Amino acid sequence: MDGIYILMFIAGAALGFGASQLLRHRLAGQKIADAEEKAKMIVEAAERKSDSLIKEAQLEAKDRLYKMKSDFDAETAETRDELKKQEKRLLSKEENLDKKNEQIEQQAKENARIERELQERESGIAKREKDYQDLIDEQKRQLETISGMTAEEAKELLMQSMENEARHDSAKMIKRIVAEAKENADKEAKKIMATAIQRYAGDFVAERTVSVVQLPDDEMKGRIIGREGRNIRALEAATGIDLIIDDTPEAVILSGFNPVRREVARLSLLRLIEDGRIHPARIEDVVKKVDQEVEVTIKEAGSQAAFDLGVHGINNELIKYLGRLKFRTSYAQNVLQHSIEVGFLCGAMAAELGLNVKMAKRMGLLHDIGKAIDHEVDGNHAEIGARLAKKYGEAPKVVHAIAAHHEDVTPESVYDLLVQAADSLSGARPGARKELLENYIKRLEDLEGIAKEAKGVANAYAIQAGRELRVIVDGGKMSDDDAVILGKDIVKKIEEKLTFPGQIKVTVIRETRAVEYANK
């Protein structure tokens, strides 16, 4: 029984396995069929999409081809038009060149005709010149035969005679012109200048490029220098002035070319010495305060100068520049005092001549305003001053008088000449200006050297502090007329070679001495 059951179990299991295998085969076939169907659908869809993409690509290619063809056609048409235009221009140029060639050919023919005519004329002229030269040579031979002198001897004699006559006539003319000018001008000029000089005389203070500050004792030098020199460095940096502390007892020297900064440094150092507190922070505070005070002083000095002369309406900035002249010197002459004096002199001379006194004073006061500008501005002081006056609204006459007071610009009115004369008077009077001994001696030597270079000069002496040059000539080698011409030549050389304030009088002395000895 058990065997039967086992067989039955095995048979059932086999039947179940077979049925499951059959079912599995059926399911796998169904899946394969479904998969094949899906694959077919995917392939069909891919084919449809590829067809669509191919069509789109074809359309896009056609569009691009059409656009490229259109662009090419447009460029071709534009190039064709440009070529046509260039062709027209070339044709036009060719026509113009043909016309010009025709004109050139015609001009060449005309030039050739003129050249032939000129050659014919030159031939005729050369023939006539030869005839004239033959005639002149014949006349010369006849004159030499009659006079008994050669042509060269006669020419030399004639030139010598004409030269002597011309020198004599020129000397007489110079004497006559000088005499007439002196007769008409000396009295009036002396009167005007003497009146102007008498009406004003200024005080002058000798200013230099260094200032000396006295110390209470030598111990103060150490305090001014400070630890490792920090105080003196701070003072120099704040003022822009060099402090020289040497072996000079109880004194410090301030050195600098800018007189305003030097004055600020001098006053600041005096304040610090008086206060006793000397350190970098205190130095900066004191210098700042003193700088402000000096600016106020500058403005007050300019305002006072304008007030003293009765000149009103000057721009405030111009007043400040005018006040800066108080700290500037020229040949040790204070420039502000010099400007005030020139203003008074111009006014006095203008009053004598019946001119506008206020205008003349204004010109004289502002004539050296350019000296208030430091070296960073290019140009001479007359040119700088004229630009400055024009900038701040001065009248054209005043501007021109400033520009012309050293004849850098040609004078245009009598006011310009008044400013020149007053400037020379103020600077040339004795004691107004000072100069170094070496410069003074060199100037005198140059004066005497210019005179001694001339032919016929026996000796020369510069006198009156170089205001007069006396030239002694050899009376046997030089006539009175030659002496007059020599004086003019020396004056011209002095004006060309030397620079000097005022004027220099040149006196040529010629004398003849007869010396005889009585013997027994």
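How exposed is E317, given as a relative accessible area? E317 is partly exposed, with a relative accessible area of 34%. Welcome to this structure, which is a predicted model. The tour below visits a three-stranded sheet with a helix lying across it, an aromatic pair, and several salt bridges, of which a search of the whole structure finds 16.

**The sheet and its helix**

- Let's start with an open sheet of 3 strands, which follow the order β6-β7-β8 with mixed pairing.
- Its edge strands are β6, covering residues 457-463, and β8, covering 505-511, and each of these pairs on one side only.
- On average, and with direction ignored, neighbouring strands of the sheet are turned by 20° against each other.
- β6 pairs with β7 (residues 468-474) in the antiparallel sense, and 6 bridges join the two strands.
- To pick out one bridge with your own eyes, look for A460, whose partner in β7 is V471.
- Helix α14, made of residues 480-497, lies across β6, β7 and β8. Relative to β8, helix α14 runs at about 155°.

**A salt bridge between helix α14 and strand β8**

- D480 and R510 form a salt bridge whose closest N and O atoms are 2.8 Å apart.
- This pair links distant parts of the chain: D480 belongs to helix α14 and R510 to strand β8, with their positions 30 residues apart.
- D480 is partly exposed, at a relative accessible area of 43%.
- R510 also counts as partly exposed, at 28% relative accessibility.

**The aromatic pair**

- The structure holds 1 aromatic pair.
- Its members are Y321 and Y392, which sit 6.4 Å apart from centre to centre, and with 45° between the planes the pair is tilted.
- Y321 lies in helix α7 (residues 316-324), while Y392 is in the loop between α10 (381-391) and α11 (396-404), so the pair ties together parts that are 71 residues apart in sequence.
- Are the two partners buried or exposed? Y321 is partly exposed, with a relative accessible area of 22%, whereas Y392, at 18% relative accessibility, counts as buried.
- The reason is the cut-off: buried means under 20% relative accessible area, so Y392 at 18% falls below that limit.

**A salt bridge within helix α7**

- Helix α7, home of Y321, also holds K320 and E317, which are 3 residues apart, or about one turn of the helix.
- The side chains of K320 and E317 meet in a salt bridge, at 3.7 Å from N to O.
- K320 is partly exposed, with a relative accessible area of 33%, and E317, our opening residue, is partly exposed at 34%.

**Salt bridges elsewhere**

- Helix α1 covers residues 2-147 and contains both K127 and D131, which are 4 residues apart, about one turn of the helix.
- K127 forms a salt bridge with D131, and their closest N and O atoms are 3.7 Å apart.
- K127 is exposed, with a relative accessible area of 55%, whereas D131 is partly exposed at 39%.
- Another spot to visit is the network of salt bridges that links E110, R113 and E117.

How values were computed
Residues numbered from 1 in each chain as written. Predicted model: local features only at pLDDT ≥ 70, side-chain atom pairs only at ≥ 80, totals over all residues. Heavy atoms only, no water. Pairing = 2+ DSSP bridges. Axes fitted to C-alpha atoms, helices over the stretch in contact; angles between N-to-C directions. Contact = heavy atoms within 4.5 Å. Phe/Tyr/Trp six-rings, centres within 6.5 Å; stacked < 30°, edge-to-face > 60°. Buried < 20%, exposed > 50% of the residue type's maximum accessible area, 1.4 Å probe, protein only. Salt bridge = Lys/Arg side-chain N within 4 Å of Asp/Glu carboxyl O.
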